[in-house]
Amino acid sequence: MACVPGIPWAALALGVALVEFLRGGDTELAARDVRYGVLLTGGSLLAGVLMGLILAGGLALASRVVTRPWAIALMGALLGALVFPAEFLVVAIGTDGAVAQLGTTFLTWPFMTAVAAAHSTDIVGRTRNRTWLWAPAPGERPSPVADSA
């Protein structure tokens, strides 16, 4: 959920820094763009870890009380909506509040919430729809990745 909106802006910042440096332009601007790229990459990764911990921990606690898959999906959507502002903050800091980047990141919020809801029952172990999340049972041979898709 975290790296989807932040990493493209980081790649763009690093690409612009490379162009500025290679064309012999302003090295100060190139250094600033490298700093933004590193900030967006590191911040997105850190936000992803924090968001994952909060989302998985919250779902683990909620699964003790809630038993229906739709209710767990609803809890996943709620938690996903609540933790996504961390990535929005990273993009705001890493782009100096650029309107286009913030607007695009804001528009990804409902989609990332839907992703959290869709995967929440697998995260808590109620379903096994996404086999790539699950290790094989003891004594069972792992299936190839092509078969699980």
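**Exercise 1.** In which helix does Val 49 lie? Then decide: is Val 49 buried, partly exposed or exposed?

*Solution.* This is a predicted model. Start with the place: Val 49 lies in helix 2. Next, take the relative accessibility of Val 49, which is 49%. Buried means under 20%, and exposed means over 50%. Val 49 therefore counts as partly exposed. Now look at the surface. Val 49 joins Leu 46, Leu 50 and Leu 53 in a nonpolar patch of about 410 Å².

**Exercise 2.** Place Thr 108, classify its burial and list its contacts beyond four places in sequence.

*Solution.* Find the helix: Thr 108 sits in helix 5, residues 99–124. Check the accessibility: the value for Thr 108 is 17%, so Thr 108 counts as buried. Then set aside the neighbours within four places in sequence. Thr 108 is in contact with Pro 5 and Phe 84.

**Exercise 3.** Describe the largest nonpolar core and say which helices supply at least two of its residues.

*Solution.* Begin with the count: the largest nonpolar core has 12 residues, including Trp 9, Met 51, Phe 84 and Leu 102. Helix 1 (3–22), helix 2 (27–65), helix 4 (85–94) and helix 5 each supply at least two residues of this core. Helix 2 gives the largest share, three residues. Apart from this core lies another, of eight residues, among them Leu 59, Ala 71, Leu 79 and Val 124.

Finish with one core member. Neighbours within four places in sequence are left aside again. Leu 102 is in contact with Phe 88, Val 91, Ala 92 and Gly 97.

Methods: Residues are numbered from 1 along each chain as its sequence is written. This is a predicted model: local features need pLDDT of at least 70, side-chain atom pairs count only at pLDDT 80 or more; totals for chains, interfaces and linings use all residues. Side-chain values use heavy atoms; hydrogens and water are left out. Buried means under 20% relative accessible area, exposed over 50%, partly exposed in between (1.4 Å probe, protein chains only). Contact means heavy atoms within 4.5 Å. A nonpolar core is a set of buried Ala, Val, Leu, Ile, Met, Phe, Trp, Tyr and Cys residues joined through side-chain atoms within 4.5 Å. Patches are made of residues with over 30% relative accessible area and no salt bridge: like charges are joined within 9 Å, nonpolar side chains (Val, Leu, Ile, Met, Phe, Trp, Tyr) within 5 Å. Accessible areas come from the Shrake-Rupley method with a 1.4 Å probe; for residues, only the protein chains shown count as cover. A salt bridge is a side-chain nitrogen of Lys or Arg within 4 Å of a carboxyl oxygen of Asp or Glu.
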